[in-house]
Amino acid sequence: FEAAADLASVEIADDTMCTRFCARVIRGVAAASSPEWMQRRQINSGVRPISAIVDVTNYVLLELGQPLHAYDLAKVGGAKLVARRAEAGESLVTLDGETRKLDEGMPVIADAYEVVGLAGIMGGADSEIGDDTVDVRLEAANFAPLTVRRAARRLGMHTEASHRFERGADPELPPLAIDYAAALIAEFTGGMVCEGRIDVRPRPWEPHSLTTSSAKLSAFMGLEIGIDRMVEIARGLELRPE
């Protein structure tokens, strides 16, 4: 098995806009349609099926709430992706065919040479998946809500991905989502998932403590709930009441 780290690399140049960046590589994929059950579920959710690879990223987004993006590995310059801020004068043709002039400081994903995506909003057309794609590079990252919100509003772009990131996505989801998506893509396209997951995380997330009372929670919810039941609910949500 080839190792993903031998074929691709990831860098976070600004950890105030990107707190985690995961990547996986799937080699030897063939053009295919997603199975009928997946297409039906997407259509019922208002999403148009496109191809097996794109459909998987959309399906995992709908199921887990974690946006993903798939790149044609051969179209990523230097096989490198960098989460950084846009520089003055940069632009990008996005997947919808529009040329976007970027303000300095906007969150972007770049390869070794140029911008290839708007971080947390939409990918670029030059590195998109096509019928001739052989090797796929998957991205699952966590972007700062305020950074994505400002860029999306400035550009007038509101996407399924930006809606999730603007509201705060779970920083623990990227590895779960990308492993799930990689397995589905390999199954549907006949490809092989390369060994290892690239996972760059310069600032690990730390749990937060919240102090409240049963009276405050009951007043907030407008429903009287006993303390024992509150503890039971909290544990069911994987919280740790003390």
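These exercises work through strands, cores and aromatic pairs in a predicted model.

**Exercise 1.** Find which strands pair with strand 4, and in which sense.

*Solution.*
Step 1. Start with strand 1, residues 9-12. Strand 1 and strand 4 (residues 80-85) run parallel, with 4 bridges. Here E11 faces V82 of strand 4.
Step 2. Turn to strand 7, residues 107-110. Strand 7 pairs with strand 4 in the antiparallel sense, again over 4 bridges. V82 stands opposite A110 there.

**Exercise 2.** Place F143 in the largest nonpolar core.

*Solution.*
Step 1. This core has 37 residues. F143 is one of those that touch the most other members, along with C18, F21, I109, L118 and I121.
Step 2. Look at the elements behind the core. Those giving two or more residues include strand 1, strand 4, strand 10 (136-143) and helix 4 (145-155).
Step 3. List contacts of F143 beyond four places in sequence. Among them are M17, C18, I109, V148 and F165.

**Exercise 3.** Classify the ring pairs W37–Y59 and F143–F165, and state whether each residue is buried or exposed.

*Solution.*
Step 1. Take W37 and Y59. Their centres are 5.6 Å apart and their planes meet at 80°. Planes over 60 degrees apart count as edge-to-face, so this pair is edge-to-face.
Step 2. Check accessibility. W37 has 31% relative accessible area, so W37 is partly exposed. Y59 has 8%, so Y59 is buried.
Step 3. Take F143 and F165. The centres lie 5.2 Å apart and the planes are at 75°, so this pair is edge-to-face. F143 sits in strand 10 and F165 in helix 5, so the pair ties together parts 22 residues apart in sequence. Both residues are buried.

Note on methods: Residues numbered from 1 in each chain as written. Predicted model: local features only at pLDDT ≥ 70, side-chain atom pairs only at ≥ 80, totals over all residues. Heavy atoms only, no water. Pairing = 2+ DSSP bridges. Core = buried A, V, L, I, M, F, W, Y, C linked by side-chain atoms within 4.5 Å. Buried < 20%, exposed > 50% of the residue type's maximum accessible area, 1.4 Å probe, protein only. Contact = heavy atoms within 4.5 Å. Phe/Tyr/Trp six-rings, centres within 6.5 Å; stacked < 30°, edge-to-face > 60°.
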